Amino acid sequence: MQERFCKCGNQVMVQYHNKKSECWFTRFWAIGSTFGKTIRVCPECGCPLDINSLK
Ligand SMILES: [Zn+2]
């Protein structure tokens, strides 16, 4: 898992999966009360989480 930050500054965790020859996909977790839940948007600002746009 890697630590990333949304552009609003919210911290999220990212895990990469590689399903054999298929494309990589990523799962995001929020830190805090929603930890453990896969999220697709930032719980703080609602931005879609895109691995390429996260720092
Ligand atoms: Zn955000």
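# Briefing: a chain of strands

The chain has 4 strands and 0 helices. This is a predicted model. Read from the N terminus, its elements follow the order β-β-β-β. Of its 55 residues, 9% count as buried. Three residues are followed below: Phe-5, Val-14 and Ile-51.

**Confidence**

- Mean pLDDT for the chain stands at 77.
- A pLDDT of 70 or more is reached by 71% of the residues.
- Strand β1, residues 2–5, has the highest confidence, with a mean of 87.
- Strand β3, residues 24–30, has the lowest, with a mean of 70.

**Contacts across the chain**

- Take the contacts with a separation of 6 or more: 33% of them join residues 24 or more positions apart.
- Val-14 and Ile-51 give one such pair, as they touch and sit 37 residues apart along the chain.

**Phe-5, in strand β1**

- Phe-5 belongs to strand β1.
- Phe-5 has 12 other C-beta atoms within 10 Å. A residue with 12 or fewer is exposed, so Phe-5 counts as exposed.
- Cys-42 is 37 residues from Phe-5 along the chain, and their C-alpha atoms are 9.6 Å apart.

**Val-14, in strand β2**

- Val-14 sits in strand β2, which covers residues 11–18.
- Val-14 has 15 other C-beta atoms within 10 Å. The buried class needs 20 or more and the exposed class 12 or fewer, so Val-14 is partly exposed.
- Beyond its neighbours within four places in sequence, Val-14 contacts Met-1, Gln-2 and Arg-4.
- Thr-26, Phe-28 and Ile-51 are also among the contacts of Val-14.
- Leu-49 is 35 residues from Val-14 in sequence, with 9.9 Å between their C-alpha atoms.

**Ile-51, after strand β4**

- Ile-51 lies in the segment that follows β4, the strand at 38–39.
- Ile-51 has 13 C-beta neighbours inside 10 Å. That count falls between the limits of 12 and 20, so Ile-51 is partly exposed.
- Leaving out residues up to four places away in sequence, Ile-51 touches Val-14 and Thr-26.
- The C-alpha atoms of Ile-51 and Val-14 are 8.3 Å apart.

**How the pieces link**

- Thr-26 is listed as a contact of Val-14, and Ile-51 touches Thr-26 too.
- Val-14 in strand β2 thus meets Ile-51, a residue of the segment after β4.

Terms used: Residues are numbered from 1 along each chain as its sequence is written. This is a predicted model: local features need pLDDT of at least 70, side-chain atom pairs count only at pLDDT 80 or more; totals for chains, interfaces and linings use all residues. pLDDT is the predictor's confidence in each residue, from 0 to 100. Helices (H or I, at least four residues) and strands (E, at least two) are DSSP runs, numbered from the N terminus. Two residues are in contact if their C-beta atoms, placed from the backbone, lie within 7 Å.
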